[in-house]
Amino acid sequence: MIIQLQKNITPTDRLAITEKVKALQYKITEVITQKGVYLIGIGKKDFDIRQLGHLPGIADIHRVSDDYKLVSRKWKVNRSVIDLGDGIRIGEGVLSIMAGPCSIESEKQVDSTIQHLQEQGVTIMRGGVFKPRSSPYAFRGLGIEGLQMWHQKARAAGMKIITEVMQVSQIEEMYPYVDVFQVGARNTQNFNLLDELGKADKPVMIKRGISGTIEELLSSAEYVFSAGNEKLVLCERGIRTYEKATRNTMDINAIPILKEKSHLPVVADPSHGIGLRDFVEPVALAAVMAGADGIIYETHQKPEEAFSDGQQTLDFSESATLIRKLNKAYDLIKSL
C-alpha cells in the first residue's frame, strides 16, 4: 500500500501511523520526493484500509498490488505532467516533440539544428554527447565540453536539452547543463545509475531496455521514484526480436498499456524503434494515434554525413513535414 502523508504532519501523528502499520505486520519504507512524503507498506495480511485512512496526518491511502507501486496508476488518478520551465511541459494535454541529431558533432551543426527547430516551433532538442556505441572505434561524442557549448546556444534560443547520461560519475558534471537526463536502453537496469538519478532534482526519461518487458521498464522507473525523484518520463523505443527487416521491433502496443498501468508521461522513439529513415514518419504517427504524450526522433541537416545513425535520421525537410503531420494527428485525436 501507499500512504501519502500531509505536508504539515506532526511527529506524533507520524509515529502513530508507523506504529499502526507495523502492528499490521507490514514493513515500512519512507520515500521523500520533491512533491511529498510517502510510506510504502509491504505485507500480506489482509485488512480493512479504513483502519488507517481515518488517522490524523494521512492525506491519501491506496492499496497497490503492483511491484512498481509509486509509478502505478492505481494510486494516482491524475496523470503526471513534467514542467521544464518557461511554459514547456511533457505530459497530458500537450504533444511534446523532441528532435535533434543522434550525436552533437560541432557548433555549426548545433546552430543549424536550433534554427530548424525554432522555425518548426520545437522547444526541446535531443542529442548525445556521451554515446554508447557497439563498436569502440565509432564516434563516442564530444563529452562535457560539447555539452557546455550546446547548452549555451540552446539557452540563448530558449530551448531545453535532453541528453543521455551513461554512468553515475557523469551526473554531477552534466547537471548544470541538462534539462532532462535520458537513460538509454543499455542502462535501463543499471540500478546504481537509477538510484543516483533519484537523488537529482532533474527530470529523467527512461528508455525501454533492448529486450526489456513493460514490467521491467516500470520497475526501473520505480527505482528513480523511490529514491526521491518524481519527475519521470517513460519511453518506448522498440525491442530486439527475431525480426531482421528492421533495426528493432517498435512495440506500439506498449504505449496504451503503459498509460493504463502508470500515471507517468509516455514518449515514443520511432527513429530507434524501426531504424529506417523512410518509415520513421508512419511509426511516429502511429505512436501518436496510440496515445503517446510525445515523440523523440533524430534529425540532421545532412543525414548521409552524420557521425552516427544516419540511416534512421530525417533531414530537415522530412523533419518539418513530420512535425506538421504530428500536430495535425494530435489535434485530430483531441477533437474526437
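Me: What makes strand 7 and strand 14 count as a pair?

Reply: Strand 7 (residues 96–100) and strand 14 (residues 294–298) share 5 bridges, in the parallel sense. A pair needs at least two bridges, so with 5 bridges these strands qualify. Keep in mind that this is a predicted model. If you want a spot to look at, go to Ile 97, whose bridge partner in strand 14 is Ile 295.

Me: What packs on the sheet there, and what does it touch?

Reply: Helix 4 (residues 143–156) does, touching strand 8 (124–126) and strand 9 (160–164). Helix 8 (residues 254–261) also packs on the sheet, and touches strand 12 (232–236) and strand 13 (266–268).

Me: How would you describe the direction of helix 4 against that of strand 9?

Reply: The angle is about 155 degrees. Angles over 145 count as roughly antiparallel, so that's the label for helix 4 and strand 9. Helix 8 makes about 165 degrees with strand 13, so roughly antiparallel fits here too.

Me: What is the strand order in the barrel, and how are the strands paired?

Reply: The closed barrel has 8 strands, running 7-8-9-10-11-12-13-14, with parallel pairing. From one strand to the next, the twist averages 25 degrees.

Me: Now the open sheet: why do strand 2 and strand 4 stand at its edges?

Reply: Follow the order of its 4 strands, 2-3-1-4, which pair in the antiparallel sense. Strand 2 (27–32) and strand 4 (58–62) each have a single partner strand, so one side of each has no neighbour in the sheet. The twist here averages 20 degrees from one strand to the next.

Me: How do you know that strand 2 pairs with strand 3?

Reply: Count the bridges: 6 of them join strand 2 to strand 3 (residues 37–42), running antiparallel. At least two are needed, so the strands count as paired. One place to check is Thr 29, which has Ile 40 as its bridge partner in strand 3.

Me: Why are helix 3 and helix 11 called roughly parallel?

Reply: The axes of helix 3 (residues 107–119) and helix 11 (residues 316–335) cross at roughly 30 degrees and come within 10 Å. Angles under 35 degrees count as roughly parallel, so the name fits these two helices. The crossing is right-handed.

Me: Which residues make that contact, and what class are they?

Reply: Helix 3 brings Ser 112, Thr 113 and His 116, while helix 11 brings Phe 316, Ser 319 and Ala 320. By class, that's 2 nonpolar, 4 polar and no charged residues. Phe and Ala count as nonpolar, so Phe 316 and Ala 320 are the nonpolar ones.

Terms used: Residues numbered from 1 in each chain as written. Predicted model: local features only at pLDDT ≥ 70, side-chain atom pairs only at ≥ 80, totals over all residues. Heavy atoms only, no water. Axes fitted to C-alpha atoms, helices over the stretch in contact; angles between N-to-C directions. Contact = heavy atoms within 4.5 Å. Parallel < 35°, antiparallel > 145°, perpendicular 65-115°, else oblique. Left-handed = near helix turned anticlockwise from the far one by under 90°.
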